[in-house]
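Student: I would like to take a close look at one part of this chain and see how the rest is arranged around it. Could you work through it slowly, in one connected account?

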Amino acid sequence: MTANKDDLDLIVIYSGNPIDSEIIKDILTENGIAVNIKNELMGTIAPWHVSAGGINPVDVVIFAKDKEQALRVINEFTNKLNS
């Protein structure tokens, strides 16, 4: 099966603080989704340098092809936290 070029585009699936972003990364990785964290170090040291006002400075990045599965996994996790 040949991958569609658009499926290999990188998208931000979550933006938040370094701790929450690391949790989301671990959950996605455990579910077989390739994940990268953008601005992890600078988001911790100087969040106002990577994000206006320092709000949600760390991005969790995945392949576009994994978007639906990632959203489902993140929603399941957040629903468990809220119940």
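Student: What pattern does the chain follow when it is read along the sequence? Once that is clear, please look closely at strand β3 and its surroundings.

Tutor: The model is a predicted one, and, read along the sequence, its chain follows the pattern β-α-β-α-α-β-α. That amounts to four helices and three strands in a chain of 83 residues, of which 29% count as buried. The accessible surface of the chain comes to about 5700 Å², with 53% of it belonging to carbon and sulfur atoms. Among contacts between residues at least 6 apart in sequence, 67% join residues at least 24 apart.

Strand β3 covers residues 58–63 and is mostly covered, since five of its six residues are buried. Its place in the sheet can be read from the strand order, which is β1-β3-β2 in an open sheet of three strands with antiparallel pairing. The edge strands are β1 and β2, each of which pairs on one side only, and the twist from one strand to the next averages 35°.

On one side, β3 is joined by six bridges to strand β1, residues 10–16, and the two run antiparallel. Within this pairing, Leu 10 stands opposite Phe 63 of β3. On the other side of the pairing scheme, strand β2, residues 36–38, is joined to β3 by three bridges, and these two strands also run antiparallel. Here Ile 37 stands opposite Val 60 in β3, while the bridge partner of Lys 38 in β3 is Asp 59. As a general point, the strands of a sheet pair through backbone hydrogen bonds, either parallel or antiparallel.

The start of β3 is a good place to look in more detail, and the loop that leads into the strand belongs to the same picture. Pro 57 is found in the loop between α3 (47–50) and β3, and it counts as buried because its relative accessible area is 6%, under the cut-off of 20%. Although Pro 57 and Asn 17 are 40 residues apart in sequence, their C-alpha atoms are 6.2 Å apart in space. Gly 16, which is found in strand β1, likewise has its C-alpha atom separated by 6.7 Å from that of Asp 59, a residue 43 places away along the chain. With a relative accessibility of 1%, Gly 16 counts as buried, and, leaving aside its neighbours within four places in sequence, Gly 16 is in contact with Ser 21, Asn 56, Pro 57 and Val 58.

Ser 21 brings helix α1 into this picture, as it lies in that helix. Its relative accessibility is 0%, so Ser 21 counts as buried. Setting aside neighbours within four places in sequence, the contacts of Ser 21 are Tyr 14, Gly 16, Ile 37, Val 58 and Val 60. The side chain of Ser 21 also reaches the backbone oxygen of Asn 17, at 2.9 Å.

Helix α1, residues 18–30, also holds Lys 25 and Glu 22, which lie three residues apart, about one turn of the helix. The side chains of this pair meet in a salt bridge, at 3.8 Å from N to O. Lys 25 is partly exposed, with a relative accessible area of 25%, and Glu 22, at 25% relative accessibility, counts as partly exposed as well.

Moving past the end of β3, one comes to another charged pair, for a search of the whole structure finds two salt bridges. In this one, Asp 66 is joined to Lys 65, with the closest N and O atoms 3.4 Å apart. The partners can be set side by side: Asp 66 is buried, with a relative accessible area of 10%, whereas Lys 65 is partly exposed at 47%. Helix α4, residues 67–82, then lies across β1 and β3, running at about 15° to β1.

Taken together, β3 pairs with β1 through six bridges and with β2 through three, and five of its six residues are buried. Helix α4 lies across the strand and its partner β1, while Ser 21 of helix α1 is in contact with Val 58 and Val 60, among others.

Conventions
Residues numbered from 1 in each chain as written. Predicted model: local features only at pLDDT ≥ 70, side-chain atom pairs only at ≥ 80, totals over all residues. Heavy atoms only, no water. Salt bridge = Lys/Arg side-chain N within 4 Å of Asp/Glu carboxyl O. Buried < 20%, exposed > 50% of the residue type's maximum accessible area, 1.4 Å probe, protein only. Pairing = 2+ DSSP bridges. Axes fitted to C-alpha atoms, helices over the stretch in contact; angles between N-to-C directions. Contact = heavy atoms within 4.5 Å. Areas by Shrake-Rupley, 256 points an atom, 1.4 Å probe, with all protein chains shown as cover. Polar contact = N/O pair within 3.5 Å; in protein donor to acceptor, adjacent residues only side chain to side chain.
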